[in-house]
Amino acid sequence: MITRRQAFLGTGGVAVALAAVSAAALTLGAAPLTLSEVVSVLLGREAPELAATVVLGLRLPRILLAAVAGAGLTVAGVAFQALTRNPLADPAVLGVASGAAFGAVVGQLAGLEGSLLAAFGLSAVAFAGALVAAAAVYLIAAVGGRLPIQTLLLAGVITGLFFSAAITLIISLVDLARLGGILHWLMGSLGTLGYRPVGVMALGCAVGTGAVYAQARALNLLALGEESALQLGVEAERVKRVIFVAASLLTGVVVAHTGPIGFVGLIVPHAVRLAVGSDNRLLIPVAAGAGATFLVFADTLARVAVRPAELPVGVITAFCGAPFFVYLLRTRFRRGLA
Amino acid sequence: MSPEPLLAVRGVDFGYGGAFRLEDVSFEVERAEVFAVIGPNSSGKTTLIRLLTKVHEPQRGEIRLGGIALGRLSRRALARQVAVVPQELTLAFPLTVEELALMGRHPHAEGRFFEGPEDLARAWEAMALAGVLDLGQQPLDTLSGGERQRAVLARALAQEPRLLLLDEPTSHLDLRHQREIVGLLRRLNRERALTVVLVSHDLNLAGEVADRLLLLAGGRVVRIGSSDEVLEEGLLEEVYGCPVRVEKSPASGRPVVMIRWPDADEGR
Amino acid sequence: MSGRRVAVPARPTRVVSLAPSLTEIVYALGAGERLVGVTEYCDYPKEATAKPKVGGIYTPNFEAILTLRPDLALATTEGNREEHVRGLAALGIPVYVVRPVDFATVLQSIERVGRLLGRQGEAAALAGSMRQEAEAIARAVEGVRRPRVLYVLWGNPLIVPGRDTLITDLIRRAGGESVTRDEPLAYPRFSVEEAMARQPERIVLAQHGEASVDERLREWQHLRLLPAVRQGRIHPIDGNLMHRPGPRILEGLRTLARLLHPEVPW
C-alpha cells in the first residue's frame, strides 16, 4: 500500500538527486569556468561577466529544459505503458514522437520560431501531430477493445515509419541551407536559446503530468484489464481518453522544442519500477524526477564529451538505454508478464 | 425471506454484432441464494456476467439490483454491491496479494486518493477469509493456481459485496483446491448471507452447490429450477448434443451427470 | 535574418566567423589576425585551421563563442540558422548577417564586411578587381554560343542547382546555360533521366574534397548517348570555388569559363 507520506518522501528524494546532478551540470561545459566562479554566480555574488552569462544565460536554461523534457517524456512513457498495459510502450516506440516531430517540422518551416506566441503555436502543432499518431496506433492495433503486445508494437513501428517518411518528404523539398538545421534537430537537441521554450514546455508538462497523476489510482486498476477495472468502478473509457490526450500533450510539447529523444520514456519507468514498484501514485512522481535527472546527465555528457563539438543527446540516451533494455528483456520479461 | 429478489433480469437482449445474441433472458436471484448458470460453451455465460456488471448494456430489457435499475447506478455504486471473481487474472505489471486485495477497496474509496488504515484492515479481513493472509507480500506470479484464485477472491471480498459473481471458479484448480473453494463459498453464503452467482461448465459442481440453476443455450434460457429439474437426462442430451446418464449421488442425493463414452465403433 | 538593425563596435578586434565563406573574406581583406574563432569547416586559407574552433555551421557552441569574448560575429543566410543568430544577439554579441545569393551580392557582402572591419579600401579593391575580371569574361563569351551545362552538386542522389542560386549565376556569367536553371527549388533532388533528356553538352562535377575523381568520372561513362559523355566533356571542379560565397568564386568563374569555352583565346 502506498501512503501519502511515501509519495512525498519518494518525490523529495528524487528531487534532491535532480538538484545534485543539476548543480554538477552547471559546473561543466565548453567555457573554462572555475567552480568558485559558478558558485559565485549562483549565490548572486560578484562574478566575472563571462561566468554570469554562461551560467545564467546558457547552462541554467538548458539544464532546466533538460529536466522538464526528461520529466515530461518519462511521464508520457508511464502513461502509455499504463494505457496499453504494455511495458514496452513509450512515445518513441509507439510512433507518437514521430508524429509530434512531423508536426514540429511543419510548424518550423511555416515560420513558427522566435516569439512566445510562436513557441505556443509550435507546441500546439506538435501536440496535434502526436494525437494523430496516437490515434492511428490505437485504431490499427485495437483488436476487440484490447491492445495485444504484438499488434501494438507493430502499429507503433508502422506509424513511426510513416511519419518519418513524411518528414523525409518535407525535408527533401526544403532548401539545402535549412536542411542541415532540421537534420540536426531530428537527432534530438537541447540547445536552448533562452528561457522561453522552458516556460512553455514547463506549462505543458505541468498540465499533462497533473492530468496523468490525477488518474494514477485508476491507472493502477487498469493494469488488471479493462473489464476488471470497469467492474471495480473505474470509468475506463473516460480515463483512457484523458491519458491518451495527456500523454500526447506531454510528447508534443517536449518534442516541439527538443526534437525526438528516444529511450527516456521507455527505460526510466522500468528502472524506477524496480526500485519503488508499480503503484502509479508513487511511480509517476519518482519516475518524473528520475527522468529529469537522467536527461540532465545525458545532456551534460553530450555537451562535454567532445567539446567544443556536441553529441546529439538522443545518441547518449540510446547508448545508455539500449543495454539496459537488453538487460530487462533477459531478466524480467523472461518470466512472462501479461 | 425478503419479497424482492436481489437481482432481477427481465427480457434482456444483447449481441456483439455477429450472429450470436442473448435473447429474451429473464431470471431472478433471491438474496442469500447460490445460483448457478450452466450451458455449453459460447452459450453466453460470460456475456451475462458482463451485462450484470455494466461492462455492456442490454440492447433491450432491464436489469435491476435490489430494485434499482443498473442504468441508474454509478459504476462505483454498483461495484460496492457486486464483485466479480474472473476466470483468469491478467497482470500487466507485478502485484502482491495485498496490493491486489487493496484494489478491491476502490469502490469504497471515493474521494480518497490514497488508501487509509480502514481500507487496509478490510483488505486483510478479506485476505483472511480467503485464506491468503500469510501470502500478503508475495508477488502473484509466484503463486500456484489455487492460491491465485483465492487472492482474486480476496479482492472481490474486499469490495464488501452483496452479490458475488464467479466465472468458472474451479476450471484451473486441482481436486483439493476445488473442494476448498466450494467450502469457502458455502461458508460465506451461510455465515454472511452472501448471494453467489456462479457460472460453470462443471455440471456436477453446479448441481451440488447451487440452490437453483439456469441452463443457457444458444443465448436463450432453456430452463430454470432446482438441480433435479434442470439436470435432466433428456434435456441435457438435447442441449449438449451428447449422450449422458444422470444418477443420484450416494453422498448428497444431488444429481450427478456422467458422459456416456463412445466405443471404437461409434460414428461408422 | 539579414536586414535587421545591429549595433556594431567601431573597430571590432575580436571577430568570430560562423561560416567558411566569411572566414575567407576576412582573410582576403587582410584582417585575419582579428579572427578569434572559426567553425570546424573553415579550411581556407591554411592559417584558418589554426584558429580556435567554435563548432559547426549548424551547431555552433555558444559557450566556446562566449569564452572568446568576441565583439562581432559574422553569419550568413546561406548556412547559419536564424535561432542561433537570435540566441547570440540575446547574449549580447553583435551578429552581422550577409545574404550572398549571387555574384553581385557576394561582392556586396565583401564590401560590407570591409566596412565593418575598417578595411574599406581593401574591400573596394578586391570587389573591384573581381568585378572587372567578371566583366572581362562576360565580354569574351558574348555572342558565343552557350553550351548546355549540367552541374552536379552531388551524384547519388543527383542534386543540382536551381533557380536563384550562386552557382546558376556563375554558370551564366561563364557563358554557359545550366539545364536546371529554372527549377523552382534552390537545390533540388533531380531525376537523372530528366537530366539526360535535357541533353547537356557539358557535365561539371563538384568535388567536395574527396579523393577519387576518376571513380566519379567512371560513374557517368556508361551514359554514352549523352553528347557530353561521348565527347568526353565531363569536368571536375573544386566545389568550394563555386558554392562558397567568398572571394574564390572568381577563381571558380574563371575556371568554369575556360572549361566551357576552350575555343576563346583566354
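The buried residues of helix 6 of chain C are C:L166, C:I167, C:T168, C:D169, C:L170 and C:I171. This is a predicted model, and the briefing below starts from that helix before turning to the domains of chains C and B, the helix packing inside chain A, and the places where chain A touches its neighbours.

**Helix 6 of chain C and its surroundings**

- Helix 6 of chain C covers residues 166-173, and because six of its eight residues are buried, this helix is largely enclosed by the rest of the structure.
- The cover over those buried residues includes two strands, strand 5 (148-152) and strand 6 (177-178) of chain C, together with helix 4, helix 10 (239-243) and helix 11 (249-260) of chain C.
- Just past the end of helix 6 of chain C, the residue C:G175 adopts a positive phi of about 90°.

**The two domains of chain C**

- Chain C is divided into domain 1, which spans 15-129, and domain 2, which spans 145-260.
- Taken over C-alpha atoms, the centres of domain 1 of chain C and domain 2 of chain C are 28 Å apart.
- Where these two domains meet, 14 residues of domain 1 of chain C are in contact with 11 residues of domain 2 of chain C.
- On the side of domain 1 of chain C that touches domain 2 of chain C, the elements giving two or more residues are helix 1 (20-28) and helix 4 (103-117) of chain C, and the largest share, five residues, comes from helix 1 of chain C.
- Sorted by class, the residues on that side of domain 1 of chain C are nine nonpolar, two polar and three charged.

**The two domains of chain B, and one exposed tryptophan**

- In chain B, domain 1 is assembled from the stretches 1-81, 162-177 and 189-235, while domain 2 is made of residues 95-160.
- The centres of domain 1 of chain B and domain 2 of chain B, again taken over C-alpha atoms, are separated by 24 Å.
- Eight residues of domain 1 of chain B are in contact with eight residues of domain 2 of chain B, and on the domain 1 side of this contact there are four nonpolar, two polar and two charged residues.
- B:W261 is found in the segment that follows strand 12 (255-259) of chain B, and this residue counts as exposed because 7 other C-beta atoms lie within 10 Å, where the limit for an exposed residue is 12 or fewer.
- Measuring C-alpha to C-alpha, B:W261 and B:N189 are 36 Å apart in space, and they are 72 residues apart in sequence.

**How helix 5 of chain A packs against two other helices**

- Helix 5 (residues 116-141) of chain A packs against helix 11 (residues 236-258) of chain A at an angle of about 135°, with the two axes 7 Å apart, and helix 5 of chain A is therefore oblique to helix 11 of chain A.
- The crossing of helix 5 of chain A with helix 11 of chain A is right-handed, and the residues making the contact include A:L122, A:A126 and A:F127 of helix 5 of chain A, and A:F244, A:V245 and A:L249 of helix 11 of chain A.
- By class, this contact between helix 5 of chain A and helix 11 of chain A has 12 nonpolar residues, five polar residues and no charged residues.
- With helix 8 (residues 196-214) of chain A, helix 5 of chain A crosses at roughly 45°, and the axes come within 10 Å, so that these two helices are likewise oblique to each other.
- Helix 5 of chain A also passes helix 8 of chain A in a right-handed crossing, with contacts made by A:L116, A:A119, A:F120 and A:S123 of helix 5 of chain A and A:R196, A:P197, A:V200 and A:G204 of helix 8 of chain A.
- The residues of this contact with helix 8 of chain A divide into five nonpolar, two polar and one charged.

**Where chain A meets chains B and C**

- Between chains A and C, 24 residues of chain A are in contact with 26 residues of chain C, and the elements giving two or more residues to the chain A side are helix 3 (49-84) and helix 7 (176-186) of chain A.
- That side of chain A has 12 nonpolar, nine polar and three charged residues.
- Between chains B and A, 23 residues of chain B are in contact with 25 residues of chain A, and helix 2 (75-79) and helix 3 (97-103) of chain B each supply at least two residues of the chain B side.
- That side of chain B is made up of 14 nonpolar, four polar and five charged residues.

Technical notes:
Residues numbered from 1 in each chain as written. Chains lettered and ligands numbered in written order. Predicted model: local features only at pLDDT ≥ 70, side-chain atom pairs only at ≥ 80, totals over all residues. Contact = placed C-beta atoms within 7 Å. Helix = DSSP H or I, 4+ residues; strand = E, 2+ residues; numbered from the N terminus. Nonpolar A, V, L, I, M, F, W, Y, C, P; charged D, E, K, R; others polar. Axes fitted to C-alpha atoms, helices over the stretch in contact; angles between N-to-C directions. Parallel < 35°, antiparallel > 145°, perpendicular 65-115°, else oblique. Left-handed = near helix turned anticlockwise from the far one by under 90°. Domains from an automatic or database assignment. Buried ≥ 20, exposed ≤ 12 C-beta atoms within 10 Å, placed from the backbone.
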